[in-house]
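Reader: I should like to understand the terms applied to this structure. Please set each value against its definition as we proceed.

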Amino acid sequence: MQLGTEAYDPNVSDASALEPVDCSVLVPAYNEERHIQASVEAMLAQRFPGRLEFLIVDGGSTDRTPAIVRELALRDRRIRLLTNPRRVTPSGLNVALGWARGRWVARMDAHTEYRDDYLKQGVERLGNGGTRWVSGLAVAHGQGEVSRAVALALKGPLGRGGSRKWVAEQGPDREYELDSGVFAGVWERSTLLEYGGWDEHWRRNQDSEMAGRFLARGEKLVLVPAMAAAYSPRDSVPALWRQYYGYGVYRTRTAARHPHTMRRSHVLAPGIALALVMSSFGRTRASRVARAGVSGYLVALGAAAIRAVPDAVRPIDAALVPVVLATMHLSYGTGAWIQAARTGPPLAAIARICGLNRLAERLAPAPSEVYAPSLAEALRESMAHAAADVAASSSAD
């Protein structure tokens, strides 16, 4: 594994590596040339009462992302560039976690703008006890027409699907308990190591899969609305389709592994996709019922567009709301059905949301181990590097 940059090479003894760190920020990145400089500079502006380090993990970018991070690291020694050879988000997070030196750890994404007290609030809430996972709101802010339409869609129930991470009343001392619908977070490093890091089989939905492990052990996940962060949705219909198709696949996998993570709202999109297919099957009773369902859905899409008008920057934004909602639902539903066809439906989760708890218990899968080889490799290399630093420091004395 190739790690380090011209500005900071963790394989070379460096006095700065011996300086204590209070909080480590994990940032996976891939082809972020357009955004990475502004994102990292915004992260550097965090008002945190302690020493920070920013671990930018590149997943094999083919643009100037690594070069830009190296230039930033030359100006600020808190930045370190690491390499993610497996090139998927969870392995990048695990590489960063393995190299992290802070007591506290936060995940930040390159397409998201965080309040300058995000880390401070998260660490303070963890310090107050009662939870080991603190996260904030994801506030969608669109740039182009499609992106703005997605942001409008996420304000309504058809878009957010019952997840509190998209909307909650903000105010001092307010907080909410979450299910597996989480948006990144802040933890103690020891907590993430205890849980084995992120499962690298989960290319998407990896935070929700890990939340499932937390919830299975009775952990309380807390959302602090004051930690709101601005999230930029996809700005094209094909990109949105790919994103939500992946969500459908991996949400279904998560429900199969962790039946308690499925909400009733998770069956809406697969139901819409099924109704659309069934509505074309002649004049059977099932097809008539399906057509009635599709008609009701189209009315709901139209109502969502009307509700979006007051918040729309331009009329086209509201007009596109039905398009992006249909894209989100049909891609998610397609992904869910394809995953169910591959590995079987999440029967225990379905039984649970139907109130058949005894059946759900019988169908529940056996616990499975977390797949996190990148974390193990990074930990070994980090420990070897730390030992070399200590030896070099002792010999210098």
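Author: A residue is called buried when its relative accessible area is under 20%, exposed when that area is over 50%, and partly exposed in between. The model discussed here is a predicted one.

Reader: Why is E209 called buried?

Author: The relative accessible area of E209 is 0%. The limit for a buried residue is under 20%, so E209 is buried.

Reader: What makes the contact of E209 and R213 a salt bridge?

Author: The definition asks for a side-chain nitrogen of Lys or Arg within 4 Å of a carboxyl oxygen of Asp or Glu. For E209 and R213 the N to O distance is 2.8 Å, and the side chains therefore meet in a salt bridge. The two residues are four apart in helix 8, so about one helical turn separates them. R213 has a relative accessibility of 10% and thus also counts as buried.

Reader: How do you know that E188 and R103 form a salt bridge?

Author: Their side chains come to 3.0 Å, N to O, and the cut-off is within 4 Å. The pair ties together parts that are 85 residues apart in sequence, because E188 lies in strand 9 (residues 185-188) and R103 in the loop between helix 3 and strand 4.

Reader: Are these two residues buried, partly exposed or exposed, and why?

Author: E188 has a relative accessible area of 24%, so E188 is partly exposed. R103 has 51%, and because exposed means over 50%, R103 is exposed.

Reader: What makes R107 and D207 a salt bridge, and which parts of the chain does the pair link?

Author: The closest N and O atoms of R107 and D207 are 2.9 Å apart, where the definition requires a distance within 4 Å. R107 is in strand 4 and D207 in helix 8 (residues 206-216), so the pair links distant parts of the chain, 100 residues apart. Both residues are buried.

Reader: How many salt bridges does the whole structure hold, and which residues are linked in a network?

Author: A search of the whole structure finds 23 salt bridges. R132, E194, R217 and E219 are linked in a network of them.

Reader: What makes R291 eligible for the patch of positive charge?

Author: Arg counts as positive, and a patch takes residues with over 30% relative accessible area and no salt bridge. R291 has 32% and is partly exposed. R291, placed in helix 11 (residues 285-308), gathers with R283, R285 and R288 in this surface patch.

Reader: Why is L347 called partly exposed, and to which patch does L347 belong?

Author: The relative accessibility of L347 is 46%, and partly exposed covers the range between 20% and 50%, so L347 is partly exposed. L347, in helix 14, forms a nonpolar surface patch with I350, L356, L359 and L363, and together they have about 390 Å² of accessible area. Helix 14 (347-353) and helix 15 (357-363) each supply at least two residues of that patch.

Reader: Why is R358 called exposed?

Author: R358, which lies in helix 15, has a relative accessibility of 69%. The limit is over 50%, so R358 counts as exposed.

Reader: How many disulfides are there, and what is the rule?

Author: A pair of cysteine sulfur atoms must lie within 2.5 Å, and by this rule the count is zero. As for single cysteines, C23 is buried at 0%, whereas C354 is exposed at 53%.

Terms used
Residues are numbered from 1 along each chain as its sequence is written. This is a predicted model: local features need pLDDT of at least 70, side-chain atom pairs count only at pLDDT 80 or more; totals for chains, interfaces and linings use all residues. Side-chain values use heavy atoms; hydrogens and water are left out. Patches are made of residues with over 30% relative accessible area and no salt bridge: like charges are joined within 9 Å, nonpolar side chains (Val, Leu, Ile, Met, Phe, Trp, Tyr) within 5 Å. Accessible areas come from the Shrake-Rupley method with a 1.4 Å probe; for residues, only the protein chains shown count as cover. Buried means under 20% relative accessible area, exposed over 50%, partly exposed in between (1.4 Å probe, protein chains only). The place of a charge is taken as NZ of Lys, CZ of Arg, CG of Asp or CD of Glu.
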